[in-house]
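Q: Please take me through this model, setting each computed value against the definition that stands behind it.

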Amino acid sequence: MEKLNLRNYTLEELETLILSLDEPKYRAEQIFHWITCREATDFDQMTNLPKGLRTKLSTHFSLELPEVIEKISDTEGTTKFALRLRDGEIIETVVIPERDHYTLCVSTQVGCAMGCKFCLTAKGGFKRNLEVYEILAQVVIGRLYLKEKGSVLPLRNIVFMGMGEPLANYENLIKVLKILAHPLGFNFSKKRLTISTVGLVKEIRKLAIDFPTALAVSLHAPNDELRKNLIPVAKKYLLKELLEVIKTFPRVKNGRTTIEYILLKDVNDSLQHAKELVKLFKGLPIKINLIPYNPHPELPFERPDEKQVERFQRFLLDHAILTTVRKSKGLEISAACGQLKRRLSTNAIYLQ
Ligand code: SAH
């Protein structure tokens, strides 16, 4: 019989499990602590547990992590991992250095069903949701990597901007968030966990109640007509409804919702588009993050030149919209969504 991965369990579930094994409840807290912020990968590391319990646990449960099949870094230290899951599927996770901390970009699904026209992950279609342990394992792998490297800066932020649509894997996502934010678990601050969504309005409303975190919405177009051409789900949820939910989403510690806006050459990058954005967002507690498109030979879009990106940003700033431009980290290592996986499945180069 296949062993169950213990990283799937919330603290409450571990407590129920431990009681069912006739062990005192406080053991659950000890185990929870080991498998989260102490990055245990073997039950024998849990030296404050009796040997008998360790043996019992290891007979029925595993702490297995996906296999790192490729790890590549660019010159600035952005490191991308390709991970092979139990069923052979490959996902990506990226460690990104910032000034005083690291950010981890995690995947939530194998593939994606949203079908956005500019996205490489979408091209491969949807395979399956990631299990709780498969999402958390990315965090453990990121932390172990930084520890091994002797990094003094902490892995402080997690962005759910890897492969997949996090809100389409809703139940697992909520469990993951609870484990990440639990003070006895990974102890992440809620405002340092950012869910990026294509704009699933119904699920954003649920998230606002169940577990509000920082929110990023992939807008990519300032009107319904263009948005429907780029993002199929925009036919279901019109901008009006999306804006309403952005306005009412709880502001975790006074944070601003991020509006992600990929700049696609001659598609959505004109000053007219910038003007429409101003009209939509003037006065709202948001921040626009412009993402110059990461091109790929299999996709029919181009990146605008730097001058155009600057003009677009300048226009928004001049109209009092807080606007940043995402620095393209990891371009040389195919760090854009789905690009490493694609390269791995088309030509197998294994660097370690
Ligand atoms: N499904 C979620 C999260 C994953 S994608 C979402 O849509 O937000 C993370 C971000 O990368 C999204 O804003 C997505 O639109 C963007 N993205 C996808 N392909 C890209 C590319 N080739 N270049 C730049 N950004 C891209």
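**Size, burial and one helix**

Q: What makes the radius of gyration of the protein chain agree with that of a compact globule?
A: The rule for a globule is 2.2 Å times the number of residues to the power 0.38, with the radius taken over C-alpha atoms; for 352 residues this gives a value near 20 Å, and the protein chain has 21 Å, so the two agree. The C-alpha trace spans about 70 × 45 × 35 Å along its principal axes.

Q: What kind of model is this, and how are residues numbered?
A: This is a predicted model, in which local features need pLDDT of at least 70 and side-chain atom pairs count only at pLDDT 80 or more, while totals for chains, interfaces and linings use all residues. Residues are numbered from 1 along each chain as its sequence is written, and side-chain values use heavy atoms, leaving out hydrogens and water.

Q: Which residues of helix α7 are called buried?
A: Buried means under 20% relative accessible area and exposed over 50%, with partly exposed in between (1.4 Å probe, protein chains only); in α7 (residues 201-210), Val201, Glu203, Ile204 and Leu207 are buried.

Q: Why are the buried residues of α7 said to line one face of the helix?
A: Taking directions from the helix axis to the C-beta atoms, the buried residues fall within an arc of 160°, so they line one face. The face turned away from that buried side carries the exposed Lys202 and Ile209.

Q: What do the buried residues of α7 pack against?
A: With contact meaning heavy atoms within 4.5 Å, they pack against α6 (170-181), β10 (193-197), β11 (214-218) and α9 (239-248).

How values were computed. Helices (H or I, at least four residues) and strands (E, at least two) are DSSP runs, numbered from the N terminus.
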